[in-house]
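Please examine the structure shown here before reading the briefing below. The points are grouped by topic and move from one helix to its surroundings and then to a sheet.

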Amino acid sequence: MSIFETLESEVRSYSRGWPVVFDRAVGSQLFAEDGTAYLDFFAGAGALNYGHNNPVLKKALIDYISRDGVTHALDMYTVAKRDFLETLNDVLLKPRDLDYKVIFPGPGGANAVEAALKLARKVTGKESVINFTNAFHGMTLGALSVTGNSMKRHGAGIPLVHATPMPYDRYFDGAYPDFLYFERLLEDSGSGLNEPAAVIVETVQGEGGINAAGLDWLQGLAELCKRHEILLIVDDVQMGCGRTGPFFSFEDAGIKPDIVCLSKSIGGYGLPLALTLIRPDLDVWEPGEHNGTFRGINPAFVTATEAMRTYWRDDELEKSTRAKGERIGAAFTEIVERYPDAELTAKGRGLARGLEFTSGELAGQVCKAAFERGLLMETSGPDSEVMKLLPPLTVSDAEVEQGLEIIGESVRSVLSK
Ligand code: PLP
């Protein structure tokens with residue numbers, strides 16, 4: 001038994017599907033210690049949108065460390081943080097006419113969600129939050145309370161309260177008009193629904209099974225929130241930073257959330273960084289009311305700044321993400337049509353793509369077959385029934401084709417058994 005199995009907790013998960021020891025990583029490839037190359041269509045669950053050890057970001061990081069730039073600074077003012085904030089404003093916020101203030105909530109996505117929920121409750125004086133079926137917002141208690149997955153919720157060990165789930169887009173396969181139930185409950189004083197402080201939503205549910213909400217559904221949700229004076233929180237932790245094409249995944253819907261959660265790829269290099277962006281008038285915190293030791297990881301500011309400068313001053317990455325996403329979507333549709341008896345479904349938007357099987361067992365077998373052929377992919381969805389593709393946005397066309405070939409062979413090997 002390896003040190004991982006003897007010393008590391010049973011809670012470890014990804015390592016179980018990919019039982020090799022990784023050592024090096026470049027672009028879209030991870031290398032095991034024996035030199036075996038794996039095409040990485042998992043990309044740190046969306047934390048590596050610009051690939052592993054991206055050379056431009058790596059250079060900025062090495063230069064910063066070499067000149068003894070500050071590494072840890074809580075929320076003190078630093079040159080690296082100033083560069084980051086100025087670039088965020090100039091490259092991302094101003095051109096999109098987005099007026100937000102920035103909270104550094106702690107290093108991970110769950111921190112960004114916790115800060116969003118706390119602030120929404122403080123601003124409105126209401127405790128209830130609306131979440132959606134199959135949502136995933138993180139593993140801390142507040143974030144778990146707005147998460148759907150029963151296994152993950154069970155891990156909390158206490159009742160998860162103050163959240164009410166509503167049906168996500170197409171939960172009833174179009175059998176009912178959007179928001180029929182939600183709006184009825186809001187308008188009926190006898191419904192028993194506590195007045196919500198906020199709605200929290202993912203534009204595409206990553207962990208929930210690559211469920212892409214329609215743009216009209218997102219617009220309808222934003223209008224409903226406005227009508228009922230409910231704050232709209234978009235959790236863009238997984239789908240932001242260009243995953244669906246534009247930097248913010250809600251841009252295509254033309255909506256402006258009141259609060260936005262970002263993490264994963266905002267640091268650019270796989271270093272921890274999270275942001276909660278808030279409408280300026282919501283900034284009612286007392287100094288230190290939300291705090292934490294790791295809210296100023298300056299090397300992450302440096303790589304985040306370099307990533308914004310390199311990839312978001314024009315729309316090249318956005319266009320190539322859309323084009324590669326469409327290529328993968330078309331390939332998945334072909335697979336669906338090739339195996340009509342298997343009742344597969346192609347899902348997703350941009351470079352967040354999924355192929356849904358009728359069981360978690362089948363999706364798991366396909367991912368295992370792909371791993372044996374040198375491709376890393378995870379499963380998602382309530383029963384892990386969706387094969388999930390999240391390649392780096394910088395993946396080359398040749399790597400996309402190589403990955404699609406492996407997927408085609410893996411699906412064939414499993415379905416023809
Ligand atoms: N929100 C969404 C939409 C996520 O996909 C995730 C993680 O997968 C999180 C929040 C939690 O982020 P973290 O794992 O960094 O706490």
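In this predicted model, helix α4 has four buried residues to consider: Leu 57, Ala 60, Leu 61 and Tyr 64. These residues lie on the same side of α4, because the arc they cover around the axis is only 95°. The opposite face, turned away from the buried side, carries Pro 55, Lys 59 and Ser 66, which are exposed.

**Helix α4: length and ends**

- Helix α4 comprises the 12 residues 55–66, which should span 16 Å at 1.5 Å a residue; the end C-alpha atoms are 16 Å apart, so the expected and computed values agree.
- The N-terminal end of α4 is capped by Asn 54, which places a side-chain oxygen 3.1 Å from the backbone nitrogen of Val 56.
- Just after α4, Asp 68 adopts a positive phi of about 60°.

**What covers helix α4**

- The cover over the buried residues of α4 includes two helices, α5 (79–93) and α11 (298–311).
- Helix α5 has 15 residues, and the distance from its first C-alpha to its last is 20 Å, close to the 21 Å expected at 1.5 Å a residue.
- The buried residues of α5 include Ala 80, Phe 84, Leu 88 and Val 91; Lys 81 and Thr 87 are also among them.
- These buried residues of α5 pack against α4 and α11, and also against the strands β4 and β12 (275–278).

**The sheet**

- Seven strands form an open sheet with mixed pairing, in the order β4-β12-β11-β10-β7-β5-β6.
- Which strands are at the edges of the sheet? They are β4 (101–103) and β6 (163–166), each of which pairs on one side only.
- From one strand to the next, the twist averages 25°.
- Strands β5 (residues 128–132) and β7 (residues 196–201) are paired in the parallel sense over 3 bridges.
- Within this pair, Ser 128 stands opposite Pro 196 in β7.

**Helices on the sheet**

- Helix α9 (residues 180–187) packs on the sheet and touches β5, β6 and β7. The direction of α9 makes about 140° with that of β6.
- Helix α10 (residues 215–227) lies across β5, β7 and β10 (231–235). Relative to β7, α10 runs at about 170°.

Conventions:
Residues numbered from 1 in each chain as written. Predicted model: local features only at pLDDT ≥ 70, side-chain atom pairs only at ≥ 80, totals over all residues. Heavy atoms only, no water. Expected span 1.5 Å × (residues − 1). Buried < 20%, exposed > 50% of the residue type's maximum accessible area, 1.4 Å probe, protein only. Arc of directions from axis to C-beta. Contact = heavy atoms within 4.5 Å. Polar contact = N/O pair within 3.5 Å; in protein donor to acceptor, adjacent residues only side chain to side chain. Pairing = 2+ DSSP bridges. Axes fitted to C-alpha atoms, helices over the stretch in contact; angles between N-to-C directions.
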